[in-house]
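Thanks, everyone. I have one structure today and will keep to contacts. Please bring it up on the screen.

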There are 2 protein chains.
Amino acid sequence: MANKDYTLNQEQVARFAKAMGHPARIAILGFLAKQTECYFGDIHEELPIAKATVSQHLKELKEAGLIQGEVETPKVKYCINRENWQLANKLFGEFFGQCVCKKESCCK
Amino acid sequence: MANKDYTLNQEQVARFAKAMGHPARIAILGFLAKQTECYFGDIHEELPIAKATVSQHLKELKEAGLIQGEVETPKVKYCINRENWQLANKLFGEFFGQCVCKKESCCK
DNA sequence: GTTATTGTTCGCAAATATACGAACAATAAT
DNA sequence: ATTATTGTTCGTATATTTGCGAACAATAAC
């Protein structure tokens, strides 16, 4: 084992990836990405899961920084966190772009 | 709840993302992406975890299709699965690109 | 003050994920 | 045949994730 520990970049990419690692959360993000109107109820209607579960997924996405929410009593409005969305886009782009295997395979 | 179920695209993105949702696996992918020589021992040396755990992470990455391995007794050579790497790159690019929040925020 | 609406939080159960050491498998070297 | 090298698999322990219904909170409407 070498110098141990992971870089901040690796941790950040993994954090974003982990948040995106469930179809329901991908569906939520995709839904939010396509609009500017975005209430909890609308999101819930799009998904085949209970509202408690939806709320939990939203919480995880929020903690990962990919979305944000604001209360408009009695509703709650969610949307993409634009800044972190762009950061994630950049990090994933760099991550995939670093592969030397663009033209030739490594293994056979 | 609407039409239920997730699309194949959503499932695939989530599957790739889930596989990338751990710093050790991000480190492994990053390491592999930068070379054409890539034996288990080299990967293990880069990581702060036991070989059994490394082997397990490699298995997950292989099952997700992001890497592939071939035995060169007594060693095992791993590398990026070029085809799926490019697919992942494409899917993530499209995913992040679909956001309408490129120039204006949705929420305040 | 009830009642209705909209979401969140709590408590729980079941399933997965993470990590490790020990045992094992396959070959090569002695 | 023993021994050494390189990884995988097994068994196990612990932690996290996923999912749900029920209870709760915050307003608004009556």
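**Helix packing between chains A and B**

In this predicted model, helix α1 of chain A, residues 8-19, packs with helix α2 of chain B, residues 23-33, at an angle of about 115 degrees, and their axes are 8 Å apart. The crossing of α1(A) and α2(B) is right-handed. On the α1(A) side, the contact is made by A:Q10, A:E11, A:V13 and A:A14, and on the α2(B) side by B:P23, B:I26 and B:A27. By class, the residues of this contact are 5 nonpolar, 1 polar and 1 charged.

Now to the DNA, strand D. Which residues come nearest to DNA strand D? There are 21 residues around the strand, and those that come nearest are A:K18, A:H57, B:F40, B:S55 and B:Y78. The surface near DNA strand D divides into 9 nonpolar, 7 polar and 5 charged residues.

As for elements, α4(A) gives the largest share of that surface, 5 residues. At least two residues each come from α4 (51-63) of chain A and from α3 (40-46), α4 (51-63) and β2 (75-80) of chain B.

On the strand side, 70% of the atoms of DNA strand D within 4 Å of the protein belong to sugar or phosphate, and the rest to bases.

Three polar contacts, to be specific. The side chain of A:H57 has an N or O atom 2.8 Å from a phosphate oxygen of DNA strand D. For A:A50, a backbone N or O atom lies 2.9 Å from a phosphate oxygen of the strand. For B:P74, a backbone N or O atom is 3.3 Å from a sugar or linking oxygen of DNA strand D.

Definitions and conventions:
Residues are numbered from 1 along each chain as its sequence is written. Chains are lettered from A and ligands numbered from 1 in the order in which they are written. This is a predicted model: local features need pLDDT of at least 70, side-chain atom pairs count only at pLDDT 80 or more; totals for chains, interfaces and linings use all residues. Side-chain values use heavy atoms; hydrogens and water are left out. A residue is near a molecule or strand if one of its heavy atoms lies within 4 Å of it. A polar contact is a pair of N or O atoms within 3.5 Å; within protein, one must be able to donate a hydrogen and the other to accept it, and residues adjacent in sequence count only if both atoms are side-chain atoms. Helices (H or I, at least four residues) and strands (E, at least two) are DSSP runs, numbered from the N terminus. Ala, Val, Leu, Ile, Met, Phe, Trp, Tyr, Cys and Pro count as nonpolar, Asp, Glu, Lys and Arg as charged, and the others, Gly among them, as polar. Axes are lines fitted to C-alpha atoms, for helices over the stretch in contact, and angles run from 0 to 180 degrees between N-to-C directions. A crossing is left-handed if the near helix is turned anticlockwise from the far one by less than a right angle, and right-handed if clockwise. Contact means heavy atoms within 4.5 Å.
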